[in-house]
Amino acid sequence: MSWHPQYRSSKFRHVYGKAASRDKCYDCVPITCSVHDNHFCAVNPSFIAVVTECAGGGAFLVIPIKQTGKLDPHYPKVCGHKGNVLDIKWNPFIYHLVLYPSCAIQVKIWDIPNQLLKRNITTPKKELLGHNRRVGLIEWHPTAGNILFSSGYDYKIMIWNLDVKDAVLSEPVKIIHVHKDVVLSMSFNTDGSLLATACRDRKIRVIDPRAGTVLQEASYKSHKANKVLFLGNMKKLFSTGTSWWNNRQIALWDQNDLSVPLLEEDLDGSSGLLFPVYDSDTHMLYVVGKGDGNIRYYEISPEKPYLNYLMEYRSHLPQKGIGMMPKRGLDVAACEIFRFYKLIPTKSLIEPISMIVPRRSESYQEDIYPLTAAAQPALSAQLWLNGFNKGPLLVSLKPGSEAVSSLPQFLDPEPFTKVTDLSEQEGGRMSLEDKQKLGEIRDSRKKMKSEEELPSSKKMCLFNGSDIFECPPPKTENELLQMYFRQQEEIRRLRLLVNQRDVQIKQLKLELMNVRMDT
């Protein structure tokens, strides 16, 4: 009989939530009193947008991320809606410029300046007119640029291509008409080739968005889904809703078979909605309760039991909505792996909550920060409409790193190369350590040659090992931290170079001794 350990090994087993201090919160923010089941908040690395109360229509505030503290009561708003703002989303690829909320029967596109707002913005950049009734949901395509999905109370999902220059668009590129009631939630898989929806008719559907056909449909009667979420590349769906007895419930599904859930669990008897949030980089799932102050978080595994409970963040202040910071805006020096922005209408407060992995080292922790989605589209809108799929472009969160790669759709075999290197010809006689040393010596020789070929006429002004003209002295704490990491990398590189030259000197000494012995 094999012995199974009681506790499962995990890097995120001790993750804890840390609320920001009062001076780092956003105070005196008039948060909306709408009862619509949405987040009412959208965050990117530059701005936080929150739906607010406004007489005579809907409005929202756009606050710079670094502008914490009390908000001026006369702070400018983005207003120009005839009805209440029901949903609000930042463009994931143009997050410094454009914001797309939905209201009434229109979807309006707003151009937000990079600097602080000085007056109210009332003129949108684009308007999308196609729904017969009010728009309740909007969702961006995860990899294609300028592809927007909107869902309204007319039971239709419309696909818009925003690459056109027209200021008013009245004809979407595609209309998906497969629902018999209001769509409550939309979610994409990693490459955006599939769309999952939760409808008020209690059914979960997996749809091919370009064909407009239903691939899978769940009609499980004991689980009434309100929100549904694709779990990255796990080929699974996660839904939150209510049971027969109106208990809050979570369920896990196989995306290829929605007849019966893989897992079903009742949480509590509260009446508030549950917002699921999935981090595909760390495979962590967060369940945020509306109307209470709890955030439960789990770790997803591809095998049973699939859902592993980690811990729960608790607060006595109830949240009306929640915003999520993209991974590119996290503080990697503090081992922060996720950040929520909690809307507390009773205090007119927006409170950041950081999810932190406790680590003693202050250096960059590469094992908890895998490559994450970059702020660049993987393909154009027209390519996606023509039938192409591509995973998101990936970027490292390491300070100073700019390398971007893409997830391949198919792995092509590597081409065969002709062996011309002596070490490759004598691979049977050389050990692995000898091959590594030989490769290191060759790399160092190439670096020495490249350094010798640099023009001596180029004058450089060095400050702490860096060129002032190419890299000016840091002015902020973040720039200072980035320069510190660059200097650490430079020190490691120089140490490696010194060790390689020591190896060369020892080899030359051995060759001289051999020559003397021969003579």
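This briefing covers strands, salt bridges, one buried residue and a cavity in a single structure. The model is predicted. The structure holds 19 salt bridges and one cavity of 30 Å³ or more. One of its sheets is open and has four strands.

**The four-stranded sheet**

- Strands of a sheet pair through backbone hydrogen bonds, and the pairing can be parallel or antiparallel.
- In the open sheet described here, the strands follow the order β12-β13-β14-β16, and the pairing is antiparallel.
- The edges of this sheet are formed by β12 (135-140) and β16 (174-176), each of which pairs on one side only.
- From one strand to the next, the twist averages 20°.
- β12 and β13 (residues 147-152) run antiparallel and are joined by five bridges.
- Trp140 has Leu148 of β13 standing opposite.

**Strand β19 and its two neighbours**

- Strand β19 (residues 204-208) is largely enclosed by the rest of the structure, because four of its five residues are buried.
- On one pairing, β19 meets strand β18 (residues 195-199) in the antiparallel sense, over four bridges.
- Within that pairing, Ile204 in β19 is the bridge partner of Ala198.
- The hairpin of β18 and β19 has four residues between the strands, and Arg202 in this hairpin takes a positive phi near 75°.
- β19 also pairs with strand β20 (residues 213-218), again in the antiparallel sense, over five bridges.
- Here Val214 in β20 is the bridge partner of Ile207.
- Four residues lie between the strands in the hairpin of β19 and β20, where Gly212 takes a positive phi near 75°.
- In a regular strand, side chains alternate between the two faces of the sheet.

**Salt bridges around Arg248**

- Which residues form salt bridges with Arg248? Asp268 is one partner, with an N to O distance of 2.8 Å, and Asp292 is another, with the closest N and O atoms 2.7 Å apart.
- The pair of Arg248 and Asp268 links distant parts of the chain: Arg248 is in strand β23 (residues 248-254) and Asp268 is in strand β24 (residues 263-268), 20 residues apart.
- Asp292 lies in the loop between β26 (284-289) and β27 (295-300), whereas Arg248 lies in strand β23, so their salt bridge ties together parts that are 44 residues apart in sequence.
- Arg248 counts as buried because its relative accessibility is 1%, and the cut-off for buried is under 20%.
- Asp292 has a relative accessible area of 13%, so Asp292 is buried as well.

**The salt bridge of Asp281 and Lys327**

- Asp281 and Lys327 form a salt bridge in which the closest N and O atoms are 3.3 Å apart.
- This pair links distant parts of the chain, 46 residues apart: Asp281 is in the loop between β25 (274-279) and β26, and Lys327 is in the loop between β29 (321-324) and β30 (336-344).
- Is Asp281 buried or exposed? Asp281 is buried, because its relative accessible area is 16%.
- Lys327 has a relative accessibility of 10%, so Lys327 counts as buried.

**A salt-bridge network**

- Salt bridges that share partners join Arg248, Asp268, Asp292, Arg296, Glu312 and Arg314 into one network.

**Asn226**

- Asn226 is placed in strand β21 (residues 224-230).
- At 17% relative accessibility, Asn226 falls under the 20% cut-off, so Asn226 counts as buried.
- Which residues does Asn226 touch, not counting residues up to four places away in sequence? They are Leu184, Ser185, Ala198, Thr240, Gly241 and Leu273.
- Ala198 is also the bridge partner of Ile204 in β19.

**The cavity**

- Rolling a probe the size of a water molecule over the atoms shows where empty space is left.
- The structure holds one cavity of 30 Å³ or more, and the largest cavity has about 40 Å³ of space.
- The lining of the largest cavity consists of Tyr26, Asp27, Val29, Ile63, Gln67, Thr68, Gly69, Lys70 and Leu71.
- Which elements give two or more residues to this lining? They are β2 (26-27) and β6 (69-70).

Technical notes. Residues are numbered from 1 along each chain as its sequence is written. This is a predicted model: local features need pLDDT of at least 70, side-chain atom pairs count only at pLDDT 80 or more; totals for chains, interfaces and linings use all residues. Side-chain values use heavy atoms; hydrogens and water are left out. Two strands pair if DSSP finds at least two bridges between them. Axes are lines fitted to C-alpha atoms, for helices over the stretch in contact, and angles run from 0 to 180 degrees between N-to-C directions. A salt bridge is a side-chain nitrogen of Lys or Arg within 4 Å of a carboxyl oxygen of Asp or Glu. Buried means under 20% relative accessible area, exposed over 50%, partly exposed in between (1.4 Å probe, protein chains only). Contact means heavy atoms within 4.5 Å. On a 1 Å grid over the protein atoms alone, a cavity is a set of points where a 1.4 Å probe fits but cannot get out, and a pocket is an open set with protein on both sides within 12 Å along at least five of seven lines; lining residues have an atom within 4 Å of a point. Grid points are joined across faces, edges and corners, and a volume is the space filled by probe spheres set on the points.
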